[in-house]
Amino acid sequence: MERSREYEDLAVALAEVRPAPREDFAAELDQLVAAGFPRKTRLGRLRAIVVRFHGLSLQRRLVASGAAALTAIAIATVVVSNTGSDPAPIAFEQHATKQSSEPGGVQYSEALPQVAGSAMESSAANGSAGALQESAEALKGYSTSPSTSLLSRATHRDIERSAEIGLLADPADVADDSAKVFSAVHDARGIVLRSTTTAGRNAGAHFDLLIPSARLGDALAAFSAIDEVRTRHEATTDITKPTVATGEELQDSRARIDSLLAQLSTAEIESERDAIEAELRGERRRAARLRSQVARLHQRADFSRVSLRIETGTSATSAGGAWGVDDALGDAGRILGIAAGVTVIGLAILSPLALLGLLAWLAYRLWLRTRRERALDA
Amino acid sequence: MTDQGPARSKGVSETLVAAATDAPRDADLAFDELYLSSRDDVYAYAAGLLRDRAAAEDVTATAFERAYRKRSRFDPSRGNGRAWLFGIARNAALDELRRRGRQAELVSDPVDATSPDTERSEQRLILVAGLAKLDPRERELIALKFFSGLANTEIAAVLGVSESNAGTKLHRAVTKLREVCDGAF
């Protein structure tokens, strides 16, 4: 009882020393409350938006966040769609692998620059062509200068080159592109072995070309500049060994012919002359066949086969028809695919960041709470 | 009590507590009601803890501004409005303590020396001196209970402890206050 009365006395005494706010301060605070604590700076407005967002209910916050995310995805989709000239990913194959299918051919690989029509590629092509020319000259000198030909064999290679290039064009541009191909072939002093051009909805063109190897690089660069390069493939084959071997056989054959002619001039018996002449005819046929082989090998080294295709993408608006439901569905599917891709990438990027942010926020809250409690112990 | 702190505004003499819009929301009405019922209590708590009149005013204003900004997040069904408000005020007060890193001068108004009840005046002086001897945690409990009039349940909610724990802490604080008051109570 006594203890309770003492407690009451203490409570009364504490109430008497209870701090009270100044009237001015109370009035000022009343006014601030009535005005809704007006903000003073732009930063304050931004903070107001943040606080207002925090003040929303969970459902409204989710709706607002979802709307913001959808807007971001839409913007990213538009940006991604407009960045590429063709939304559909095009497999751009551009590599060169030197290989040999010739028996006894030297097989090796060499990476070429992967820039269409680049100066490096042009330079490499020119260097290769120079080697071919020197090799041809060496072959021509087999009959008169074996030592020179051997030196040439040691220092020069005979390289057969071929290339395939695919261009992607709008159907309306196929004819124009085909004309550019002819022009480029003419500029390269090449030969059009065969050409096929198709107009209409399934427009396209195909060319089989022979391009001087010395100008192959420039020609490929010119082809690549005609339209969008879809695929490009180059191959080289070292035909030095068969060329040299055939040249040596030709050299032997000529020597044999010379020998037979010498024997024929000294032969006195009719039957002996007939036998030598028969052998001479056979040897001349063999020499002619070998010359033909050497010429073909020279042609393979001097001229490169190029297969050029002009294709039209299915997504492009057809030249003869209007944009239809199929096109719309295709476009819609593609846009949805891009949107899904953007969403996945965005989630892949944002999820770890959001997790880190959440952990950082929790850590900050914990740190702040600890610091506040420590303030009481100071 | 006398006004010893710096003047914070001029030409404001009337109380203006009104909703900002013609059709105030429930949150606004609830906040206004909470403000009217708790303004002096929040100030008393902050002043009792900080023992600095100017700092107490800053903390009180900050607490009500924060509460105003967050008023729509408060769910009355999940807790007591006063406990929620004093939780905000406590954070603001602790932030102020952290900033200062020290305690300021005594906040209590001087006891009227001309009071005819000299014994009572002496008791008040002893009490004020005793409050100054308490550590901040004990003084906070005394302020919450006797200056602001919070129930033990509300104190527990503000401090984030159980009600029984809050009661125990409060009992210890009162006991210590009596001890430092040399048996005056």
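This briefing walks through the helices, packing and nonpolar cores of a two-chain structure. The model is a predicted one. Chain A combines 11 helices with six strands, whereas chain B has seven helices and zero strands. A good place to begin is chain B, where α1(B) takes part in two helix pairs described below and gives the most residues to the largest nonpolar core.

**The two chains in outline**

- Chain B runs α-α-α-α-α-α-α along its sequence.
- In chain B, 39% of the 185 residues count as buried, and in chain A the figure is 22% of 378 residues.
- Take the contacts in chain B between residues at least 6 apart in sequence: 67% of them join residues at least 24 apart.
- For chain A, 75% of the contacts with a separation of 6 or more are between residues 24 or more positions apart.

**Nonpolar cores**

- The largest nonpolar core contains 55 residues, and Y45(B), A46(B), L50(B), V59(B), A89(B), A93(B) and I155(B) have the most contacts inside it.
- Helix α1(B), residues 26–50, is the biggest giver to this core, with 11 residues.
- Another core lies apart from that one; it has 24 residues, including A188(A), A205(A), F207(A) and F303(A).
- A46(B) is worth a closer look: leaving aside residues up to four places away in sequence, A46(B) touches A56(B), V59(B), T60(B), A89(B) and A93(B).

**How α1(B) packs against α3(B)**

- Helix α3(B) spans residues 81–100, and its axis lies 10 Å from that of α1(B), at an angle of about 40°.
- The crossing of these two helices, α1(B) and α3(B), is right-handed.
- On the α1(B) side, the residues that meet α3(B) are A30(B), L34(B), S38(B), V42(B), Y45(B), A46(B), L49(B) and L50(B).
- Their partners in α3(B) are G81(B), R82(B), L85(B), F86(B), A89(B), A93(B), E96(B) and L97(B).
- Such spacing is a familiar sight: an α-helix has 3.6 residues a turn, so residues three or four places apart point the same way.

**How α1(B) packs against α2(B)**

- Helix α2(B) covers residues 53–69 and packs against α1(B) at an angle of about 145°, with the axes 8 Å apart.
- The crossing of α1(B) and α2(B) is right-handed.
- From α1(B), the contacts come from F31(B), Y35(B), V42(B), Y43(B), A46(B), A47(B) and L50(B).
- Facing them in α2(B) are R53(B), A55(B), A56(B), V59(B), T60(B), A63(B), F64(B), A67(B) and Y68(B).

**A covered helix: α6(B)**

- Helix α6(B), residues 152–159, is mostly covered, with six of its eight residues buried.
- The buried residues are E154(B), I155(B), A156(B), A157(B), V158(B) and L159(B).
- Their cover includes α3, α5 (136–147) and α7 (163–180) of chain B.
- Just after this helix, G160(B) takes a positive phi of about 75°.

**An open helix: α11(A)**

- Helix α11(A), residues 325–377, has 53 residues and reaches 74 Å from its first C-alpha to its last, close to the 78 Å expected at 1.5 Å a residue.
- There is a bend of about 30° at L350(A), and a proline, P352(A), follows within four residues.
- The number of buried residues in α11(A) is one out of 53, so this helix lies largely in the open.

Methods. Residues numbered from 1 in each chain as written. Chains lettered and ligands numbered in written order. Predicted model: local features only at pLDDT ≥ 70, side-chain atom pairs only at ≥ 80, totals over all residues. Buried ≥ 20, exposed ≤ 12 C-beta atoms within 10 Å, placed from the backbone. Contact = placed C-beta atoms within 7 Å. Expected span 1.5 Å × (residues − 1). Bend = angle between axes of the 7 residues up to and from the residue. Core = buried A, V, L, I, M, F, W, Y, C linked by C-beta atoms within 7 Å. Axes fitted to C-alpha atoms, helices over the stretch in contact; angles between N-to-C directions. Left-handed = near helix turned anticlockwise from the far one by under 90°.
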